[in-house]
Amino acid sequence: MGRAGNGYARVADTELAAWPSSSAPAGAATQLGEPEPTSTAVLSVQGMTCGACTSAVEGALSALPGVFGVSVSLLQQSAEVNFDAAVTRPDALVTAVEDAGFDGKLLDLSGPAPGAAGAAHGGAAPLVARLAVGGMTCAACSGAVERALAALPGVESAGVALAQGQAEVVFDPAVVTAQQLAEAVEDAGFEARLLGTSGIERCTLTVTGMTCAACSGAVERALSALPGVSRAAVDLLASRADIQFDPNSTGPRAFIAAVEAAGFDAAPALGGGALGDEAGAAQRAELAAWARLLAWSAAFTLPLFVVAMVLPMLGIKFMHGVQLLGFPLDQWTKWALATPVQFVIGWRFHRGAYKALRRGTANMDVLVSLGTNASYAYSVICVLQGRAARLAGENDYMATDFFETCAILITVVIFGKYLECSAKGRTSDAIKALLALAPECALLCELDASGAVASTREVPTALVHKGDVLRVLPGWRVPADGEVLEGRSYINEAMITGESEPVLRGPGEALIGGTLNAGSALLMRATRVGGDTVLAQIVRLVQRAQMSKAPIQAFADAVAAVFVPAVASLAALTWAAWYAAGAAGAIPDEWLPQGHSYFLFALLFGIAVLVIACPCALGLATPTAVMVGTGVGASLGILIKGGDALERGAHVDTVIFDKTGTLTLGRPEVTACRMLDGRYSLRQ
């Protein structure tokens, strides 16, 4: 969780997940005649107070394999490390500092990149891809997605968050592509959409003026021709353009200029490209879909419930005496109301069950489909058997149809999915609050030939490029990570450090996007924008923490994986036991409804086992708790790096804070005195 003294400061300023996840063994030899690839990393080390601290940091870093030299500065609170990029990764350096009891942060990296070093040794730097996965309903579904991704060559690890509806995959781009990851998820029977890849930013523009396919093609060609654009897709009907690009080469302003040069108007889409916006939009769409299903299902189920349960209890049986084509009117009514709920509104459950069985797994959809289809089929058989009995002159047959059972079950499950989706949306409130810290606009400065500010104009923060010169007025939030060019001012960095006292920043010093300028105006240069900012990395850290699995969740997933087959087997065993007992004469005849057989009687008990069993809560309870816990912690300035830390936190009985001047007064006071030597008194 990090030391309380620096709060969010443990988030690295680079995307550490983009580095290789495995290192070469210590002492691995390079090719003959080639020097070892040497990189230099500059780390911020906070918390050092004396020479013993610097020695501890130096010893921790020197102990890593592949480290050639370490220089630690106590006054500057930094460390410079020379290391072999093919043996040790930059994130390992940060981890070593943190393991020594200090707060580490990667400030700069020079020399061969780990990816290049890895390529020299026959490998490539892994990337991290985030996918939005639709159609998952329980732990069995998330397990199927995880197995499908992990089975691909080049995939190093895959994590699936059921409550978020997302997957995060670490993969080798030289072996497998991000598009192939999405295709693997779709082949497993789910919907997949690529949200982003490390090192690549996304931007969504609203494009107006397009009238035909030739227009959208012209916009797409104009965007694709820009340097640094890896992919451009234009949706004519939605009037939107989605661009994936390298932020070091281009940016949103260049996209808008290219679209306008092609003869159309463009503007940043609302929330387009923002971290967490894609997932939020998907959650809102899913919630709306469940709300529509619930409304239609209730419209059919409530009248069915009245006809099947309320009217008979009130003694109103006029519909039973009215015959229509040889069937009682109440049976026709119940049959007609239950059929659209069973096969139209509930179709997504039957389709999900088919996909699950096709891939050799069983999830909640299988139970819902089995239970509702069994009760519906039982009801149809009873109605037809009643008609056959009346034709045969057996007027004492008692119909025991349960059309309302299948409709009510589907409606209740849809209502539960609606509540679940609504709860998942609320768990992302902390991420939305973090994103709200970023200002909506910035003051962009145009420089003349001498480097002086010639003009200033207001632009949306989404249009800020790396290297832009920006003016930050008093009371404004810093629009992006950067460094001060001119001016000195106090910056409130409480959102990052937790310290309420503003910090004085001057020329050459770093600024963090989202922090508040509490003093005078500043001139700054943006060094990190979009997904590279500290705020964006905090959001990613919270998202990954919510995606991680607690140890107890592994047990829940293991149980959920065998739960559905066990319930189905138990239902079959229940039916077989009751049927065998009836065939053996162990069941009194008065237990059977009039005109019924032991087969139908035993089927009632088997259906009962199916309809009351559902593994939803088992698979969703733990990930939902992790999402809520990490989200609430983030809103309070506490970063919890996953379910494992959250679970172990329940056993913490002592917390030590190092927050001088925040939790404490910042000055010592005498609270009590005690004389240990009996020969003296306090008065002396």
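Of the contacts in the chain with a separation of 6 or more, 71% are between residues 24 or more positions apart. The model is predicted. The chain has 684 residues, and 44% of them are buried. Its secondary structure consists of 20 helices and 23 strands.

The UniProt entry, which is unreviewed, lists residues 293-312, 554-578 and 598-621 under "transmembrane region". In the model, residues 293-312 are 100% helix and 0% strand. The end C-alpha atoms of that span are 28 Å apart.

The listed region 598-621 begins at the residue where helix 18 (residues 598-611) starts. Helix 18 contains 14 residues. At 1.5 Å a residue, a span of 20 Å is expected for helix 18, and its end C-alpha atoms do lie 20 Å apart, so the two values agree. Several positions in helix 18 are buried. They are Leu600, Phe601, Ala602, Gly606, Ile607, Val609 and Leu610.

Helix 10 (residues 329-345) packs against two helices that follow in sequence, helix 11 (residues 347-358) and helix 12 (residues 364-391). The axes of helix 10 and helix 12 come within 12 Å. They cross at roughly 155°. An angle over 145 degrees counts as roughly antiparallel, and helix 10 and helix 12 are therefore roughly antiparallel to each other. The crossing of helix 10 past helix 12 is left-handed. On the helix 10 side, the contacts involve Gln331, Trp335, Ala338, Thr339, Gln342 and Phe343. Their counterparts in helix 12 are Thr372, Asn373, Tyr376, Val380 and Val383.

The axes of helix 10 and helix 11 come within 5 Å and cross at roughly 45°. Helix 10 is therefore oblique to helix 11. Here Gln342, Phe343, Val344 and Ile345 of helix 10 meet Trp347, Arg348 and His350 of helix 11. Gln342 and Phe343 thus appear in the contacts of helix 10 with both helix 11 and helix 12.

A further site lies in a loop. Threonine 250 sits between strand 11 (240-245) and helix 7 (252-261). Its relative accessibility is 11%, so threonine 250 counts as buried, the cut-off being under 20%. Beyond its neighbours within four places in sequence, threonine 250 is in contact with Pro227, Gly228, Val229, Phe245 and Phe255. Of these partners, Phe245 falls within strand 11 and Phe255 within helix 7.

Note on methods. Residues numbered from 1 in each chain as written. Predicted model: local features only at pLDDT ≥ 70, side-chain atom pairs only at ≥ 80, totals over all residues. Heavy atoms only, no water. Helix = DSSP H or I, 4+ residues; strand = E, 2+ residues; numbered from the N terminus. Expected span 1.5 Å × (residues − 1). Buried < 20%, exposed > 50% of the residue type's maximum accessible area, 1.4 Å probe, protein only. UniProt positions renumbered as here; feature names shortened; annotations may be inferred. Axes fitted to C-alpha atoms, helices over the stretch in contact; angles between N-to-C directions. Parallel < 35°, antiparallel > 145°, perpendicular 65-115°, else oblique. Left-handed = near helix turned anticlockwise from the far one by under 90°. Contact = heavy atoms within 4.5 Å.
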